[in-house]
Amino acid sequence: MSLWNKIEIRRPGAFVPKPVLIYAGLGMLDLFFTLLAFHMGFQEGNPVLAWYQHQGLFEFAKVGSTIIVILLGFFLWNVKLVRRILYSADVLMFGVLIWHLFFWVGFLEK
């Protein structure tokens, strides 16, 4: 399949690339740690996500954006730019996970 006869789109039965799976896992871990922090009384540090939290749409925005990235990464994996963006997103999400872990280790030691 192709989009506008220019971009090759992967078929739904194709394998899921590892960076897409990694992003999905890291995104859900980020959601878990963020909701845990909310439960402990902390606020979101990202102003855009803080607005979603204030509107009661945080979970929808977090899960929805993760699903969109996963779908785009899967279907457009053949596009070199998409692969580079997904690799960068994996590195960014890994950094967020490390931040969460250091935050919780420091918080729980107090």
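**Exercise 1. Work out whether F75 is buried, exposed or partly exposed, then describe its ring pair with F74.**

Step 1. F75 has 29% relative accessibility, so F75 counts as partly exposed; the cut-offs are under 20% relative accessible area for buried, over 50% for exposed and in between for partly exposed, with a 1.4 Å probe and protein chains only. F74, at 8%, counts as buried.

A quick word on the model before going on: it is predicted, so local features need pLDDT of at least 70 and side-chain atom pairs pLDDT 80 or more, while totals for chains, interfaces and linings use all residues. Numbering starts from 1 along each chain as its sequence is written, and side-chain values use heavy atoms, with hydrogens and water left out.

Step 2. Searching the whole structure turns up five aromatic pairs (rings of Phe, Tyr and Trp, the last by its six-membered ring, with centres within 6.5 Å; planes under 30 degrees apart are stacked, over 60 edge-to-face, the rest tilted). For F74 and F75 the ring centres are 5.0 Å apart and the planes sit at 80°, so this pair is edge-to-face.

**Exercise 2. Sketch the fold, then look at the two ends of helix α2.**

Step 1. Count the elements: the chain has four helices and two strands (DSSP runs numbered from the N terminus: H or I of at least four residues for helices, E of at least two for strands). Their order from the N terminus is β-β-α-α-α-α.

Step 2. Go to α2, residues 47–55. N46 caps its N-terminal end, with a side-chain oxygen 3.0 Å from the backbone nitrogen of V48. Just past α2, G56 has a positive phi of about 80°.

**Exercise 3. Find the salt bridge in the structure and say which parts it ties together.**

Step 1. The search gives one salt bridge, meaning a side-chain nitrogen of Lys or Arg within 4 Å of a carboxyl oxygen of Asp or Glu. The partners are D30 and K62, whose closest N and O atoms are 2.5 Å apart.

Step 2. Place them: D30 belongs to helix α1 and K62 to helix α3 (residues 58–75), so the bridge ties together parts 32 residues apart in sequence. Both D30 and K62 are buried.

Step 3. Now check D90, in helix α4 (residues 80–109). D90 is buried too, yet has no salt bridge; R83, the nearest side chain of opposite charge, is 12 Å away (Lys and Arg count as positive, Asp and Glu as negative; His and chain ends are not counted). A polar atom of the D90 side chain does lie 3.3 Å from the backbone nitrogen of Y23.

**Exercise 4. Trace the surroundings of H100, then name the largest nonpolar core.**

Step 1. H100 is in helix α4 and is buried, at 6% relative accessible area. Apart from neighbours within four places in sequence, H100 is in contact with D30, F33 and T34 (heavy atoms within 4.5 Å).

Step 2. The side chains of H100 and T34 are joined by a polar contact of 3.4 Å. That term means N or O atoms within 3.5 Å; within protein, one must be able to donate a hydrogen and the other to accept it, and residues adjacent in sequence count only if both atoms are side-chain atoms.

Step 3. F33 is one of the 11 residues in the largest nonpolar core, along with V20, Y23, L26, A37, W77, L86, A89, M93, L97 and W104. Such a core is a set of buried Ala, Val, Leu, Ile, Met, Phe, Trp, Tyr and Cys residues joined through side-chain atoms within 4.5 Å. Helices α1 (18–39) and α4 each supply at least two of its residues.
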